[in-house]
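Let's take a walk through this one, following the charged side chains and then a loop residue. Keep the viewer open as you read.

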Amino acid sequence: MIDHFGINCSDFDASTAFYDAVLGVLGQTRIMDFGVAIGYGSDDHPQFWISRWPGAEPNREMHVAFAAPDADMVKAFYDKAIEMGAESLHAPRLWPEYHPGYFGAFVRDPDGNNIEAVCHSAPPA
């Protein structure tokens, strides 16, 4: 059900050192590092992300990505979320910067969380 999730960190350097160490003990490593966001996991699949939060106050927004079987289901998720009044963050599309076949859509839920539906096997555009 859950493909991956992420949290925002007010002290990104401290959080990076912390998660490098504690997740390393569990056999998890950095899979992707974009400078402002780091994805940890195994088998080339980042399942837990930390992101830099530049604001002065703590940010409690969370990111959760739900697994979808295909791109059509990602689109259906997005359409239903918009119908329910969700704010669109990113319409459904391929995200080749993550990996080939990554197809996702992002919305903001009623509490302000960043919610995504994703499949990993979409055909090229």
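**Following the charges**

D20 is a good place to start: its relative accessibility is 33%, which puts D20 in the partly exposed class. Keep in mind as you look around that this is a predicted model.

So who does D20 pair up with? Its partner is R30, and the two side chains form a salt bridge with an N to O distance of 2.8 Å. D20 belongs to helix α1 (residues 12-25) and R30 to strand β2 (residues 29-33), so this pair ties together parts that are ten residues apart in sequence. R30 is partly exposed too, at 36% relative accessibility. There's a third member to look for here: D33 joins D20 and R30 in a network of salt bridges.

How many salt bridges does the structure hold? The count is six, so let's visit a couple of others.

Head over to E61, which makes a salt bridge with R108; here the closest N and O atoms are 3.0 Å apart. This pair links distant parts of the chain, 47 residues apart: E61 sits in the loop between β4 (45-52) and β5 (62-67), while R108 is in strand β7 (residues 103-108). Are these two side chains buried or exposed? Neither label quite fits, because E61 has a relative accessibility of 25% and counts as partly exposed, and R108 comes out as partly exposed at 21%. The cut-off for buried is under 20% relative accessible area.

Next, pull up R93 and E97. Their side chains meet in a salt bridge as well, with 3.7 Å from N to O. A salt bridge here needs the nitrogen within 4 Å of the carboxyl oxygen, so this pair qualifies. On the accessibility side, R93 is partly exposed at 35%, and E97 is partly exposed at 41%.

Now leave the charges and find V36, in the loop between β2 and β3 (37-42). Which residues does V36 touch, once you set aside its neighbours within four places in sequence? The contacts are F12, I50, S51 and R52. To get a feel for scale, draw a line from V36 to A76: these residues are 40 apart along the chain, and their C-alpha atoms are separated by 30 Å.

If you'd like one view to come back to, try the network of D20, R30 and D33, with helix α1 holding D20 and strand β2 holding R30.

Key. Residues numbered from 1 in each chain as written. Predicted model: local features only at pLDDT ≥ 70, side-chain atom pairs only at ≥ 80, totals over all residues. Heavy atoms only, no water. Helix = DSSP H or I, 4+ residues; strand = E, 2+ residues; numbered from the N terminus. Buried < 20%, exposed > 50% of the residue type's maximum accessible area, 1.4 Å probe, protein only. Contact = heavy atoms within 4.5 Å.
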